[in-house]
Amino acid sequence: MTAPNDRVDGGGVPVPTTPAGASSTAPAEYPPASPAGRGMFGNQGTGDVSGFGGLVRPRRAIADAARPYGGWFDEVADALEEAYPAFGEAIEKVVVDRGELTLHVRPERIAEVCQVLRDDMALRFELCSSVSGVDYLGADERRLHAVYQLTSMTYRRRIRLEAAVSAEDPHLPSVTAVYPTADWQEREAYDMFGIVFDGHPNLTRILMPDDWEGHPQRKDYPLGGVPVEYKGAEIPPPDQRRSYQ
């Protein structure tokens with residue numbers, strides 16, 4: 001049985017043809033640029049067979065919150081400002097959104113801020129439960145963000161720190177001396193996003209082979225892949241598949 005868009009040559013062998021409606025400008029084949037918030041991942045030049053090529057994502061501007069922040073958020077901000085004289089210089093923005101507090105920290109100050117948040121008796125954020133990367137391609141000139149989830153087990157509170165660096169200079173101080181739990185998490189952010197954590201005791205790849213080129217979770221990284229044999233047929237890698245309109 002042949003597919004609807006296949007033709008049969010003289011020997012009776014199905015030969016694939018270009019599906020009707022497919023073109024180099026079809027949304028599922030070439031999603032528009034990331035700044036427009038279109039496409040599944042904002043990736044261009046790859047075959048998208050997910051059906052999400054025409055997805056349009058609204059993008060909200062994250063504004064700096066004004067005091068009072070509400071609840072215990074003001075207590076944390078006040079305590080940090082009192083314990084850390086460089087608060088005004090180090091904290092770029094305070095965001096309160098969806099009931100969560102995020103402090104945007106200058107990259108060179110991230111380890112200092114973590115140290116104060118951990119050690120000050122009015123703060124006591126003893127645990128760094130996660131360090132992860134985010135790529136804001138097309139939305140921020142400093143597109144690579146390192147995100148730190150901190151927990152105070154003493155006061156049962158959680159906050160988020162975020163530090164942004166550019167892809168051209170993706171350097172941040174490591175916080176492993178403050179939070180040993182950040183060790184492998186910083187390695188993963190380095191491996192997947194290319195964020196370099198200066199001072200890390202062993203900043204090597206943790207998921208990809210040591211000789212791997214590029215960082216797979218950056219939004220401009222090609223889908224790539226390898227062809228797969230299945231029941232006598234060859235399934236091409238994602239970036240070579242045709243689109244289904």
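What covers the buried residues of H4? I would like to start there, and to say at once that what we are looking at is a predicted model. The cover for the buried residues of H4 includes strand E5 (127-135), strand E6 (144-152) and E9. Helix H4 itself runs over residues 182-193, so numbered in the chain, and with its 12 residues it reaches 16 Å from the first C-alpha to the last, close to the 16 Å expected at 1.5 Å a residue. Its buried residues are Ala182, Glu186, Arg187, Ala189, Asp191, Met192 and Phe193. After the helix comes Gly194, and the phi of Gly194 is positive, near 80 degrees.

Let me step back to the chain as a whole. There are 4 helices and 11 strands in it, and of its 245 residues, 36% count as buried. If we take the contacts between residues at least 6 apart in sequence, 49% of them join residues at least 24 apart. The chain exposes about 13900 Å², with carbon and sulfur atoms supplying 53% of that area.

Now to the charged side chains. Side chains of opposite charge can pair when their charged atoms come close. A search of the whole structure finds 15 salt bridges, and I will go through three of them. In one, the side chains of Asp74 and Arg67 meet at 3.4 Å, N to O. Asp74 is buried, because its relative accessible area is 15% and the cut-off for buried is under 20%, whereas Arg67, at 39%, counts as partly exposed. These two residues also belong to a network of salt bridges that links Arg67, Asp74, Asp78 and Glu81.

Another salt bridge pairs Asp119 with Arg118, at 2.6 Å, N to O. Here Asp119 is partly exposed, with a relative accessible area of 36%, and Arg118 is partly exposed as well, at 23%. The third joins the side chains of Asp97 and Arg98, at 2.6 Å, N to O; Asp97 is partly exposed, at 25%, while Arg98, at 66%, counts as exposed.

Some of the backbone deserves a word too. Most residues other than glycine have a negative phi, and most peptide bonds are trans. Arg98, which we have just met, has a positive phi near 55 degrees without being a glycine, and its place is in the loop between strand E3 (91-97) and strand E4 (100-105). Arg124 likewise has a positive phi, of about 55 degrees, although it is not a glycine. Arg124 lies in the loop between helix H3 (110-119) and E5, and at 24% relative accessibility it counts as partly exposed. As for the peptide bonds, Arg67 and Pro68 are joined by a cis one, with omega at about -5 degrees, and Pro68 sits in the loop between strand E2 (14-16) and helix H1 (73-83).

Finally, the surface. Which residues make the nonpolar surface patch of about 390 Å²? They are Val226, Val228, Tyr230 and Ile235. Of these, Val226 is found in the loop between strand E9 (196-198) and strand E10 (228-230), and Val226 counts as exposed because its relative accessibility is 61%, where exposed means over 50%. Strand E9 has thus come up twice, once beside this loop and once in the cover of the buried residues of H4, the helix with which I began.

Definitions and conventions. Residues numbered from 1 in each chain as written. Predicted model: local features only at pLDDT ≥ 70, side-chain atom pairs only at ≥ 80, totals over all residues. Heavy atoms only, no water. Patch = residues over 30% accessible without salt bridge, like charges linked within 9 Å, V, L, I, M, F, W, Y side chains within 5 Å. Areas by Shrake-Rupley, 256 points an atom, 1.4 Å probe, with all protein chains shown as cover. Salt bridge = Lys/Arg side-chain N within 4 Å of Asp/Glu carboxyl O. Helix = DSSP H or I, 4+ residues; strand = E, 2+ residues; numbered from the N terminus. Buried < 20%, exposed > 50% of the residue type's maximum accessible area, 1.4 Å probe, protein only. Contact = heavy atoms within 4.5 Å. Expected span 1.5 Å × (residues − 1).
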